Amino acid sequence: MFSPVTSLALLLSVASPAPSTPSPSEGPAPASATAEAPPSDEVQVPRRLDSVGVPYPEAEQAAGREGEVVLRLTLDEQGTVTDSEVVRSAGAAFDEAVRTTSLSFKFEPARVRGEAVACQIELAHTFKLDAPASPPVPQAPITEPTAEPGATAEPTPPVPEEKKLETTVSARSDAEERRQSAEAVKIVSIQRARSRSGDLGQVLASQEGVEVRRTGGLGSTALFALNGLTDDQIRFFLDGVPLDLSGYPFGIANVPVNLVDAIQLYRGVVPVRYGADALGGAVNLTSAPLETGAHGAVSLQGGAFGTFRLTLGGGYKPAEEGFYARAHFFADTTNNDYSVDVEAADDRGSIRPVTVKRFHDGYEALGGGVEAGYTGLSWADRIVVRAFGSQHDKELQHNLVMSGAPYGEARYDADSLGAQLLYAKTLSPSARLDVLAGYAWQATRLTDVGEWVYDWFGNRVNPREVAGELGESPIDQTVWQQSIYGRVNVGWDVAKHQTLRLAFAPTLMVRTGEERRKVSPSDPDRLAPERSQLTFVTGLEYQVDLLDDALEVILFGKDYVYVAKAEQPLETGGWRDKDRDLHQLGGGAALRLRLGSPVYLKASYERATRLPRPDEVFGNGVLVQENLDLEPEHSHNLNLGLATVPLRTKLGSFRGELNGFARFADNLILLAGRDRDWSYQNVYAARILGVEGSAGWSSPGGLFSLDANATVQNPRNASGQGTFGAFEGRRLPNRPWLFANATARVSLRGLALAEDELSPFWSTRYVNGFFRNWEGLGTVESKDKISTQFVQAAGVGYRVRRGKLTAGLTAELENVTDARVFDFFGVERPGRAAWLKGTLEY
């Protein structure tokens, strides 16, 4: 499993007495007035303030049953219980009684160095019946003086006992710190997703404001969009390190879900600590911190279309400080032989619609990494060494719109190797330093030397006059890329509640290649010359918390340096230098204002700049050609939103968020061309306005939960010049403008064993229809259109915990109605598919 770049600043386990639960006849017990003294004056553990009693379930009392339930309570900075989870069950009735009641508990919040912080506590509650007294001496019934004549006294009710609560007080994790800050970030927990069959692309696509569109099944090219801006305009990270330099150069959608703990979505405004240029935001995948002891996890998924996915992870940390190590491995394989509707020639040569199975669309990937580190040294709070490697191989089935003859032999593959060194040190009580340095190597190969024409049944129809399926000539090429990168972050608490942060992030990429099937031996090899790209991003940020943390303000500035060196062949022979030097400035601000418990307002703005990526400037070594004259993209990004912490009521827990966004972008880069002549171009400006919202509800006790979100966005061409000048003011083509998601889940605990859970679930995604081309072109009947999509999935999962071992099994049916699904015009996605996934954690 991966390790986060940041770790908890402080971890302390203590025990404190909790108030005992009164018997029904005694009335509320007094609130606990004291807690066991913590071993450090810097840490104050939570203290129970309320006097709420937990009722003894009548059926269990009548049956004479006893039990102990252990809960894990999550407390916010106000000491309010925001979540309650049963970690050791005593049966459904006992669990429901104490879990439901615990949502009403109130605590004095935990504090670290005087600051209230969120924390988790484990509360053990014992339901115990009174011990029987010695055999009584027969006597007349005893009655209360005020009782009716002949009425007997009520039996003494059972007195349940509440044990000590085990409390973990910590400085807020990086994810929690971000969620509560002024940053425009959404935290997505994928704990449930790890037991389901969906890949990371599907997890991301279930969030408001996010689109993940695929050109096929597992391993296919995926186009990611956040608030209307797409693909390379969004930067991707793994624990703060660029994703493509961490062993995943083939895209975020294909990262194994079970190797990720949470996702941080930054909408349009990217913190300076990432040291990155981005136009529309960033996505940071985080992994779970390694706990003390030995831990491991394995997941195996199999199902439709010959698909199997395996992940393994494990680690060993003998003590809270000192040496630790961990490793991970993943392997994916699929045939992608799902059915598609195409037009093909019959035995008589007549073209007719047929349903066939894809036959040349397989995908294989495997990879892994190891990590070793040491914490608590005199000269380093943390020092970590990582090494990783990955490989993937993808067959190509058709062109970008699935037209013409299919491909039967073309394929590409990529290998990646690399290493990283991380160092963190607290320089003084008010100053911190963390440094990252890394190296990554990647080789991408494209082979297109097929000598036959294939039909959609996988048959060889006739030989080709010239080899090659993708264009007019054969291709056998390799592109090698080496990257050296670094990042330095310095934080300084200049005064109480005021922090200054400085970040430096240089990246040097060097690329070369070889084309082994040139049209003519005398032609120059366009891939051979060495090309390089240097980017240097500097950021300075100031954060201040005012009005007792009711208001947080962040101000920041960024400086971008870009230097590219390349050689371009001349038609007359020889080469000419094609160098570029660019310098850009940017910056912005963000604020968070608490309007009152539990609502807060967020607003943010960034003048964003994105420098061209190597693939855009030099081509991708597969189908995209070079463009050495690309200019940076720019955008004014604004966000304004309202959010709530979970609101607990007698009807259950409610949560919600509403966000409006605006993007005013210019000089945008677009992939344009036809056949093999594709390249990235600066072609247009855009204005994107939108609203997104999410809402959720969980019933008392967590038996039922519902979540839904929706996004409406209006992307328009804002340029009257250039290639698309005639379409000024028109909606941008080939982009969804309305989409929504919904999920429902039932959680049944304690069915067969004390610590088991059965979870039936259902989810759906809706995407309104949209045009492939400009909506003003042609008649309605003649336009290429992506029809409205409405796709549903359903399944059931079962999980059981026995001590430290947790096992789970999930059966899922995707695309239940077998709807025809298209993310791009002409390219059909998989239909109904059944999956089975097992997980085991220790």
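Q: Before we look at this predicted model, what does it take for two strands to pair?

A: Happy to start there: two strands pair if DSSP finds at least two bridges between them. In this structure, β4 (residues 67-75) and β9 (residues 119-127) are joined by nine bridges and pair in the antiparallel sense.

Q: Which residue of β9 is the bridge partner of arginine 72?

A: Arginine 72 has glutamate 122 as its bridge partner in β9.

Q: How many bridges join β4 to β5?

A: There are six bridges, and β4 and β5 run antiparallel. Across these strands, valine 70 has arginine 88 of β5 as its bridge partner. The two strands form a hairpin with five residues between them, where glycine 79 takes a positive phi near 85°.

Q: How do side chains sit along a regular strand?

A: As a general idea, they alternate between the two faces of the sheet.

Q: Let's turn to cavities. How many of 30 Å³ or more are there?

A: A cavity is a set of points where a 1.4 Å probe fits but cannot get out. Here the count is 10 cavities of 30 Å³ or more, and the largest holds about 180 Å³ of space. Its lining has 15 residues, and the closest to its centre are Val86, Arg749, Glu755, Asp756 and Arg799.

Q: Which elements give two or more residues to that lining?

A: They are β5 (81-88), β45 (756-767) and β48 (789-802). Strand β5, which we met in the hairpin with β4, gives the most, with four residues.

Q: And what classes of residue line the largest cavity?

A: The lining has nine charged, four nonpolar and two polar residues.

How values were computed:
Residues numbered from 1 in each chain as written. Predicted model: local features only at pLDDT ≥ 70, side-chain atom pairs only at ≥ 80, totals over all residues. Heavy atoms only, no water. 1 Å grid on protein atoms, 1.4 Å probe; cavity = no way out; pocket = protein on both sides within 12 Å on 5 of 7 lines; lining within 4 Å. Points joined across faces, edges and corners; volume = space filled by probe spheres on them. Nonpolar A, V, L, I, M, F, W, Y, C, P; charged D, E, K, R; others polar.
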